Amino acid sequence: MSGAEDYIDGPMAAMPGWFSATDAWLFTGISRWQQANEFGGDLLEIGVYQGRSAVLLGHLVGDHERLVLCDLFDQPADPGSGPDSPAGYAGLTLDGFLATYRDHHSRPPIVYQCLSNRLGELETSRAFRMIHIDGSHAYNDVRCDIDLVPGLLLEGGIVILDDYRTLHTPGVSAAIWETVVNRDLRPICLTHDKMYASWGPERPGAREGIRQIVDAIPWVDTRDDTLCGHEVFIVLPKGYGEDPPVTRPRLVEAVVPPVVVDLHRRFRGRGVRKL
């Protein structure tokens with residue numbers, strides 16, 4: 001699977017998108033753990049954009065597995081579907097994505113250019129060991145995407161949900177945490193951008209395997225927590241939350257009005273003549 005590492009260390013950084021190196025290594029490690037433990041199955045991504053994560057998934061899919069992608073690309077969206085800005089996706093086309101994908105892979109993915117709510121009729125069996133949901137940010141659409149998971153994810157598979165905590169996508173957060181509280185979505189690991197979870201019971205050893213993957217990433221630390229009755233570990237940049245050293249000038253500037261600080265700097269060192 002050296003192609004995955006080479007892609008992360010090289011071309012991925014130059015591709016448009018918001019897929020982080022931390023998550024790229026987690027995707028790679030989880031897929032590697034699954035295959036090492038004889039857990040075969042297909043890979044699914046909802047929401048492709050220009051293919052930054054899809055190209056990585058192409059490196060992770062096995063010889064007898066499928067990579068299935070779903071995105072509207074240049075098809076018009078439902079006008080009432082949510083907060084996504086059309087300007088943010090201007091110029092995005094299926095042909096453009098496929099050209100990018102061919103730069104990295106000879107075997108093409110299966111692509112459904114449609115609303116994700118049609119996936120249930122297009123993919124009718126539980127065939128996927130990993131599902132990445134990063135499509136519409138509208139609450140109802142995210143609920144629909146999550147509702148697909150029980151029918152598509154193999155028992156013990158991993159579902160990865162993007163923007164579970166992002167400020168400008170509250171509908172995503174609402175849909176995800178509602179499912180954690182009221183249904184069988186079980187978070188395992190949280191990064192800055194994504195939640196890694198199972199639907200129902202985890203595959204034996206999966207949590208420990210994912211933890212080992214994270215521990216091997218040199219620029220992150222982990223913190224354990226319990227959320228909605230589920231034990232999770234949170235992936236943080238090294239040093240996150242530590243108080244920086246506070247020097248005296250910085251402390252002064254933090255509590256004194258700026259105009260006073262400016263006057264102090266201008267007249268500092270000027271003596272006062274005594275009579």
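## Ground rules

Buried here means under 20% relative accessible area and exposed means over 50%, with partly exposed in between (1.4 Å probe, protein chains only). By that yardstick F27 is buried, at 0% relative accessibility.

This is a predicted model, so keep the filters in mind: local features need pLDDT of at least 70 and side-chain atom pairs count only at pLDDT 80 or more, while totals for chains, interfaces and linings use all residues. Residues are numbered from 1 along each chain as its sequence is written, and side-chain values use heavy atoms, with hydrogens and water left out.

## The chain at a glance

You get 10 helices and nine strands, taken as DSSP runs (H or I of at least four residues for helices, E of at least two for strands) and numbered from the N terminus. Of the 275 residues, 45% count as buried. The exposed surface comes to about 14900 Å², with carbon and sulfur atoms supplying 53% of it; areas come from the Shrake-Rupley method with a 1.4 Å probe, and for residues only the protein chains shown count as cover.

Now the contacts, meaning heavy atoms within 4.5 Å. Among those with a separation of 6 or more, 70% are between residues 24 or more positions apart.

## Aromatic pairs

Rings of Phe, Tyr and Trp (its six-membered ring) pair if their centres lie within 6.5 Å; planes under 30 degrees apart are stacked, over 60 edge-to-face, and the rest tilted. That rule gives six aromatic pairs. W18 and Y49 have ring centres 4.9 Å apart and planes at 35°, so they make a tilted pair. W18 sits in the loop between α1 (2–9) and α2 (21–36), Y49 in the loop between β1 (42–46) and α3 (52–60), 31 residues apart. The partners have opposite labels: W18 is exposed at 65% relative accessible area, whereas Y49 is buried at 17%.

F27 and Y196 go edge-to-face, because their planes are at 90°, with centres 6.2 Å apart. F27 belongs to helix α2 and Y196 to strand β7 (residues 194–199), so this pair ties together parts 169 residues apart in sequence. Like F27, Y196 is buried at 0%. Ring pairs also bring in F19, linking F19, F27 and Y196 into a cluster.

## Charges over rings

A charge sits over a ring if NZ of Lys or CZ of Arg is within 6 Å of the ring centre and within 35 degrees of the ring normal. R203 lies over the face of F39, at 4.1 Å from the ring centre; R211 does so over F233, at 4.9 Å.

## Nonpolar cores

In soluble globular proteins, nonpolar side chains tend to be buried together. A nonpolar core here is a set of buried Ala, Val, Leu, Ile, Met, Phe, Trp, Tyr and Cys residues joined through side-chain atoms within 4.5 Å. The largest one has 41 residues, and F27, L56 and C189 have the most contacts inside it. Leaving out residues up to four places away in sequence, C189 touches L26, K194, M195, Y196, I210, V214, F233 and V235. A second, separate core has 31 residues, including A127, I131, L185 and L236.

## A hairpin and a helix residue

Strands β8 (residues 220–227) and β9 (residues 230–237) pair in the antiparallel sense over eight bridges; pairing takes at least two DSSP bridges. D225 stands opposite V232 in β9. Two residues lie between the strands of this hairpin, where C228 takes a positive phi near 55°.

Over in helix α3 is A54, buried at 0%. Beyond its neighbours within four places in sequence, A54 contacts E45, V48, L67, L69, F97 and Y101. The C-alpha atoms of A54 and L69 are separated by 7.8 Å, with the two residues 15 apart along the chain.
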